[in-house]
Amino acid sequence: MIKIGSIELGEFPLLLAPMEDVSDPPFRAVCKQNGADLMYTEFISSEGLIRDAVKSVQKLDIFEYERPIGIQLFGSDINSMREAASIADKAGPDLIDINYGCPVKQVACKGAGAALLQDIPKMVKMTMEVVKSTNLPVTVKTRLGWDDSTKNIMDVAERLQDIGIKALSIHGRTRKQMYKGPADWSLIAEVKNNPRIHIPIFGNGDVDSPEKAKLMRDRYGVDGVMIGRASIGAPWIFNEIKHFLKTGEHLPPPSIEDRISVCKAHLDKSLQWKGNVLGILEMRRHYANYFKGLENIKEYRMRLVTTDSIEQINSILQEIQEHYAPLAV
């Protein structure tokens, strides 16, 4: 049984990665329904949170059906991170996660996210202050290092464990790589197999199939995997992996009815959480992913992203189902 503090996650948990503009409550809801064991909020700016910025505060919204769930924070100022962790604690998550892995310029070039991989003493001090500010388990998500010459993940793992983090998720690329090239799972395995390490180690990067999840478990020995981009438009990947690990067989691919059903559930949650106007608007980024691979889907997709009517959206989704269902027979 893999545990983060007292949180029991099963034998080989599947985690939904925190993704900006993706892993909001509506998306998390369909991932939870499809087998995700632990999820995280979108990453939240510590500066935005302590200044009561609307967008940052809204990201604190969590719901009972999502549990266990972590709130992920990022920032460059130690005092701000400590204060933000205290605010996040009051929102009632199951754990607090610190982002030391985000590679995008808007974050890293401001000294946050993966930038802390260039200043391990500061990373350690910041983490220590967050750990001291909450009674919740604190976890960390990071990368192998800043670039090929500074793959310092082993040192990072040992030092962060020593100051009290309860789990570590490692993306198998450096910051310089961004999301290019294959993820290097061998270094993640070295961390996991280090006799000094006793906290759960979760692998992240390129886990886009049941076979890859099995490989990370069997060859590299990680305690679980974190799945990000592969879940977008395909939240059923969690159940597909679980079935494959249990039986060695693949679930049938989702039918068009399955895709429509999950898409509608996602839309309903989006409308409930964000209201009709914003709910419709922010759902538009997901349609292309839900219907990826369907021939001649562009016309339907264009109609979905240009209407402001819930009734028309549901009507178009019904058209898609009626058009493509016979083609799958």
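**Spaces, helix packing and single residues in a predicted model**

About 30 Å³ of space lies in the largest cavity of this structure, which is a predicted model. A search of the whole structure finds one cavity of 30 Å³ or more. Which residues line the largest cavity? They are D24, P26, H266, S270, K274, E282, M283, R285 and H286. Helix α11, residues 256-290, supplies the largest share of this lining, with seven residues. Sorted by class, the lining of the largest cavity holds four charged, three polar and two nonpolar residues.

Helix α11 also contains N289. Along the chain, N289 and I232 are 57 residues apart, while their C-alpha atoms are separated by 6.5 Å. When neighbours within four places in sequence are left aside, N289 is in contact with I232 and G233. Here, contact means that heavy atoms lie within 4.5 Å.

The account now turns from the cavity to the pockets. The largest pocket has a volume of about 460 Å³. Its lining consists of 26 residues, and those nearest the centre of the pocket are P18, M19, K141, Y179 and R229. Two elements, β8 (138-143) and β11 (224-227), give two or more residues to this lining. Strand β8 gives the most, with three residues. In terms of class, twelve residues of the lining of the largest pocket are nonpolar, eight are polar and six are charged.

The second largest pocket holds about 360 Å³ of space. How many residues line the second largest pocket, and which of them are the closest to its centre? There are 17 lining residues, and S45, F74, Q106, V107 and K110 are the closest to the centre. The elements that give two or more residues to the lining of this second pocket are β5 (44-45), α2 (46-50), α3 (54-58) and α5 (105-108). The lining of the second largest pocket divides into five nonpolar, six polar and six charged residues.

The next topic is the packing of helices. Two packed helices are described by the angle between their axes and the distance between the axes. Helix α6 takes part in two such pairs, one with α7 and one with α4.

In the first pair, helix α6 (residues 120-133) packs with helix α7 (residues 153-162) at an angle of about 30°, and the axes are 10 Å apart. Why is α6 described as roughly parallel to α7? Angles under 35 degrees count as roughly parallel, and the angle of about 30° therefore makes α6 roughly parallel to α7. The crossing of these two helices is right-handed. On the side of α6, the contact is made by I120, P121, M123, V124 and T127, and on the side of α7 by D155, V156, R159 and L160. By class, six residues of the contact of α6 with α7 are nonpolar, one is polar and two are charged.

In the second pair, the axes of helix α4 (residues 78-90) and α6 come within 8 Å and cross at roughly 25°. Because of this angle, α4 is also roughly parallel to α6. The crossing of α4 and α6 is right-handed. Helix α4 contributes I78, M81, R82, A85 and S86 to the contact, and α6 contributes K122, K125, M126, E129, V130 and S133. The contact of α4 with α6 has five nonpolar, two polar and four charged residues.

Some details of the backbone also deserve attention. R67 and P68 are joined by a cis peptide bond, with omega at about 0°. P68 is found in the loop between α3 and β6 (69-74). D21 is not a glycine, yet it has a positive phi of about 65°. The loop that holds D21 runs between β3 (14-16) and α1 (25-33).

The final residue to consider is Q321, whose place is in helix α13 (residues 310-324). Leaving aside its neighbours within four places in sequence, Q321 is in contact with I256, E257, I260 and P326. Q321 and D37 are 284 residues apart in sequence, and the distance between them in space is 30 Å, C-alpha to C-alpha.

Technical notes
Residues are numbered from 1 along each chain as its sequence is written. This is a predicted model: local features need pLDDT of at least 70, side-chain atom pairs count only at pLDDT 80 or more; totals for chains, interfaces and linings use all residues. Side-chain values use heavy atoms; hydrogens and water are left out. On a 1 Å grid over the protein atoms alone, a cavity is a set of points where a 1.4 Å probe fits but cannot get out, and a pocket is an open set with protein on both sides within 12 Å along at least five of seven lines; lining residues have an atom within 4 Å of a point. Grid points are joined across faces, edges and corners, and a volume is the space filled by probe spheres set on the points. Helices (H or I, at least four residues) and strands (E, at least two) are DSSP runs, numbered from the N terminus. Ala, Val, Leu, Ile, Met, Phe, Trp, Tyr, Cys and Pro count as nonpolar, Asp, Glu, Lys and Arg as charged, and the others, Gly among them, as polar. Axes are lines fitted to C-alpha atoms, for helices over the stretch in contact, and angles run from 0 to 180 degrees between N-to-C directions. Angles under 35 degrees count as roughly parallel, over 145 as roughly antiparallel, 65 to 115 as roughly perpendicular and the rest as oblique. A crossing is left-handed if the near helix is turned anticlockwise from the far one by less than a right angle, and right-handed if clockwise.
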